[in-house]
Amino acid sequence: MTEIVRSIAVALIEMISLLLLVRAILSWIPPARESKFGEVIGMLSEPFLMPYRLLFDRLGIGQGFFIDLSFLATIITLQIIAALL
């Protein structure tokens, strides 16, 4: 039973990582980002990025930086969790 739960959790982490990757790619293409598809991807991925955005804003980390550090922190966190499972 625990192997099934682990497999489901890892699959969910991979899906979230893919969602974030699609969002990152869409961010480079403004017309795609502003399309309905881009809006849906943004709406689905924002809850995963928001905790780090709030934390980094409070700490003053990454302000004026050209890379979204919350994206990197989220991806790294997801990969660490997947590795620990």
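**Close-up 1. Helix α1 passes helix α4 in a left-handed crossing.** This is a predicted model, and here we look at how two of its helices meet. The axes of α1 and helix α4 (residues 69–84) come within 10 Å and cross at roughly 160 degrees. Because that angle is over 145 degrees, α1 counts as roughly antiparallel to α4. To find the meeting place, look in α1 for Val-10, Ile-13, Ile-16, Ser-17, Leu-20, Leu-21 and Ala-24. Their partners in α4 are Phe-71, Thr-74, Ile-75, Leu-78, Gln-79, Ile-81 and Ala-82. Sorted by character, the residues of this contact between α1 and α4 are 11 nonpolar, three polar and no charged.

**Close-up 2. Helix α1 also packs against helix α3.** Here α1 (residues 2–27) meets α3 (residues 36–59) at an angle of about 110 degrees, and the axes are 9 Å apart. An angle from 65 to 115 degrees counts as roughly perpendicular, so that is how α1 lies relative to α3. The crossing of α1 past α3 is left-handed. On the α1 side, the contact is made by Ile-16, Leu-19, Leu-20, Val-22, Arg-23 and Leu-26. The α3 side includes Phe-37, Ile-41, Leu-44, Phe-48, Leu-49 and Arg-53. What kinds of residues make up the contact of α1 with α3? They divide into 10 nonpolar, three polar and three charged.

**Close-up 3. Ile-16 is a residue of helix α1.** You have met this residue in both views above: Ile-16 takes part in the contact with α4 and in the contact with α3. Is Ile-16 buried or exposed? Its relative accessible area is 11%, under the 20% cut-off, so Ile-16 counts as buried. Leaving aside residues up to four places away in sequence, Ile-16 touches Phe-48 and Leu-78. For a sense of scale, try finding Ser-27: Ile-16 and Ser-27 are 11 residues apart in sequence and 17 Å apart in space, C-alpha to C-alpha.

**Close-up 4. Tyr-52 and Phe-56 form a tilted aromatic pair.** A search of the whole structure finds one aromatic pair, and this is the place to see it. The ring centres of Tyr-52 and Phe-56 are 5.8 Å apart, with the ring planes at 40 degrees. Tyr-52 and Phe-56 sit four residues apart in helix α3, so about one helical turn separates them. How accessible are the two partners? Tyr-52 is partly exposed, at 23% relative accessibility, whereas Phe-56 is buried, with a relative accessible area of 14%.

Key: Residues are numbered from 1 along each chain as its sequence is written. This is a predicted model: local features need pLDDT of at least 70, side-chain atom pairs count only at pLDDT 80 or more; totals for chains, interfaces and linings use all residues. Side-chain values use heavy atoms; hydrogens and water are left out. Axes are lines fitted to C-alpha atoms, for helices over the stretch in contact, and angles run from 0 to 180 degrees between N-to-C directions. Helices (H or I, at least four residues) and strands (E, at least two) are DSSP runs, numbered from the N terminus. Angles under 35 degrees count as roughly parallel, over 145 as roughly antiparallel, 65 to 115 as roughly perpendicular and the rest as oblique. A crossing is left-handed if the near helix is turned anticlockwise from the far one by less than a right angle, and right-handed if clockwise. Contact means heavy atoms within 4.5 Å. Ala, Val, Leu, Ile, Met, Phe, Trp, Tyr, Cys and Pro count as nonpolar, Asp, Glu, Lys and Arg as charged, and the others, Gly among them, as polar. Rings of Phe, Tyr and Trp (its six-membered ring) pair if their centres lie within 6.5 Å; planes under 30 degrees apart count as stacked, over 60 as edge-to-face and the rest as tilted. Buried means under 20% relative accessible area, exposed over 50%, partly exposed in between (1.4 Å probe, protein chains only).
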